[in-house]
Amino acid sequence: MQIGVMGVGYVGLVTAAGLAETGNFVIGYDIDQAKIDRLRRGELPIYEPGLDRLVERGQSQNLLHFTERLEELVAQAELIFLALPTPSGPDGHANLSYLWQAAETLAARIQTPKILITKSTVPVGTARKLQAFFDARLPGLVQVASNPEFLREGYAVEDFLKPDRVVIGTPDPTVAEKLHQLYLPYTRQGNPIYIMDWESAELTKYASNAFLALRVSFMNEIARLAEKVGANIDMIRLGMGADSRIGRRYLFAGIGFGGSCFPKDTRALAATAREYGLQLSLVEATITVNETQRAHFFEKVESYYRGQLSGRTFAVWGIAFKADTDDIREAPAIEVIQRLLAAGAHLRVFDPAALPNLQKEHPNWPLYYAKNPYDALEGADALLLFTEWGEFRQPNWQKMKDLLRHPVIFDGRNLYDPALLRQEGFDYLSIGRAPVYAYSSTLARS
Ligand SMILES: NC(=O)c1ccc[n+]([C@@H]2O[C@H](COP(=O)([O-])OP(=O)(O)OC[C@H]3O[C@@H](n4cnc5c(N)ncnc54)[C@H](O)[C@@H]3O)[C@@H](O)[C@H]2O)c1
């Protein structure tokens, strides 16, 4: 098929390269000229494992092209995917200005029949509004479909090529059949393609994200209770997850969820419900628990130092909102770093992929950008761990102790075994597990 993708960010680029992988002709367009230039030079504008090979293959087979000219995309594509940002507006609603601007520019250019597919996460009712807009502007030329994306950053290529399910919202059987055919090669193992109405497709996406976010917040709330009563959240997680009705995934307690999806999508879902006179209490509680979880982590650090953070130096491992991505949107690390800087602390930060984004987003923050994890530790009072990157999992404890001023770790991801850290002589404060004071107990800390 002849496909166009508008917006080649995290979702659009994976979609474009993933669709070219099965022989479709795909043209990607973005308003960010620098992004298009880099892609044309064979450079990836984002970090996503395995995506470089896919993009390279698509380009070398002449199946994947990038353009800064929307006319080119409109001329060549019969199916146009919209993978545009839908960030949070001030009241929590999704900001649809990118989407409507794209609709306007498309309406001014489309002359032949097109299927327009929203991959962006958009509030219920958006596909219907888009259809009405195009029916008024270009009667009979544009069919709108909803096709929410469920990929996870860090596993985006795998998730796109082998999705658990594909959800397609359309009232039109011909459009449904076309999109069904498009996705068949990705579901050969038998994973389902669900065809439904626009509203159900749009709400399936929000409900899925909110439910996953709810699991995380639920475990974080139980972790806080575990800390009070002396229980261990790891054991609770295992005990719960073994129940097949619950399942093992998304039960890890930690510093809370971040990224470009869960925070904004839970806010947008709650905002949509309010519009209809409903309060989604579970979704709102999920948001609140997540916000207070970051504060809870900061307070742990603050209380360890009895409120005296000014002048202290902290090493930071991990800025990205999760491992295997360079995405720092709404990353918990960002908020905690901001609070530490405001409290007068010095920071030595390291992340395997996200430092360029940190520098770009916060150029004026007085941070030391470390060359590797150990460089960050040099002379620091403690290590703060925010992202579960593989390379942080088995560090050299002796080297850490040699570099840190004091062997103290605050772990927002529960990466280490408290018993081992006790043995190694660290103070180790994690989430939902008893604190270890192996270092300070030797200093007669009261
Ligand atoms: N990132 C994820 O993991 C993920 C997963 C599922 C769904 N989504 C949803 O997908 C959508 C896109 O998310 P993303 O993370 O890829 O965002 P992104 O910011 O990485 O990418 C969006 C791209 O669109 C471009 N753009 C903006 N306006 C444009 C226009 N008028 N024409 C062409 N390009 C334009 C931007 O320059 C950018 O490159 C959002 O709605 C998001 O909620 C994201």
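Into which domains is the chain divided? I began there, noting that this is a predicted model. The division gives domain 1 (2-196), domain 2 (206-289) and domain 3 (293-443).

**Entry 1, domains 1 and 2.** I looked up how far apart the centres of domain 1 and domain 2 are. Taken over C-alpha atoms, the separation is 29 Å. I then listed the contact between these two domains: domain 1 contributes 14 residues and domain 2 contributes 13 residues.

**Entry 2, the ligand shell.** I counted the residues that surround the ligand and got 26. Asp30, Lys35, Thr86, Glu153 and Lys264 are the closest. Sorted by class, the shell holds 11 nonpolar, seven polar and eight charged residues. I also wanted to place the ligand relative to the domains. Domain 1 (2-196) and domain 2 (206-289) both supply residues to the shell, so the ligand lies between them.

**Entry 3, polar atoms at the ligand.** I checked three side chains for distances to ligand atoms. Lys35 has a polar side-chain atom 2.7 Å from an oxygen atom of the ligand. For Thr86, a polar side-chain atom is 2.6 Å from a ligand oxygen atom. Glu153 places a polar side-chain atom 2.7 Å from a nitrogen atom of the ligand. Next I looked up how much of the ligand is covered. On its own the ligand has 830 Å² of accessible area, and the protein covers 93% of that. I then asked which elements give two or more residues to the shell, and found α1 (10-20) and α5 (97-107).

**Entry 4, a sheet.** I turned to an open sheet of seven strands with mixed pairing. I wrote down its order as β11-β10-β9-β12-β13-β14-β15. The edges are β11 (367-369) and β15 (436-437); each has a single partner strand, so one side of each is left without a neighbour in the sheet. As background, strands of a sheet pair through backbone hydrogen bonds, either parallel or antiparallel. I looked at one pair in detail. Strand β9 (residues 313-317) and strand β10 (residues 346-350) run parallel and are joined by five bridges. Within this pairing, Val316 stands opposite Val349 in β10.

**Entry 5, His362.** Where is His362 placed? I found His362 in the loop between α14 (355-361) and β11. I set aside its neighbours within four places in sequence and looked for other contacts; His362 touches Ile334 and Tyr369. As a last look-up I took the distance from His362 to Asp172. These residues are 190 residues apart along the chain, and their C-alpha atoms are separated by 46 Å.

Terms used: Residues are numbered from 1 along each chain as its sequence is written. This is a predicted model: local features need pLDDT of at least 70, side-chain atom pairs count only at pLDDT 80 or more; totals for chains, interfaces and linings use all residues. Side-chain values use heavy atoms; hydrogens and water are left out. A residue is near a molecule or strand if one of its heavy atoms lies within 4 Å of it. A polar contact is a pair of N or O atoms within 3.5 Å; within protein, one must be able to donate a hydrogen and the other to accept it, and residues adjacent in sequence count only if both atoms are side-chain atoms. Accessible areas come from the Shrake-Rupley method with a 1.4 Å probe; for residues, only the protein chains shown count as cover. Ala, Val, Leu, Ile, Met, Phe, Trp, Tyr, Cys and Pro count as nonpolar, Asp, Glu, Lys and Arg as charged, and the others, Gly among them, as polar. Domain bounds come from an automatic or database domain assignment. Two strands pair if DSSP finds at least two bridges between them. Contact means heavy atoms within 4.5 Å.
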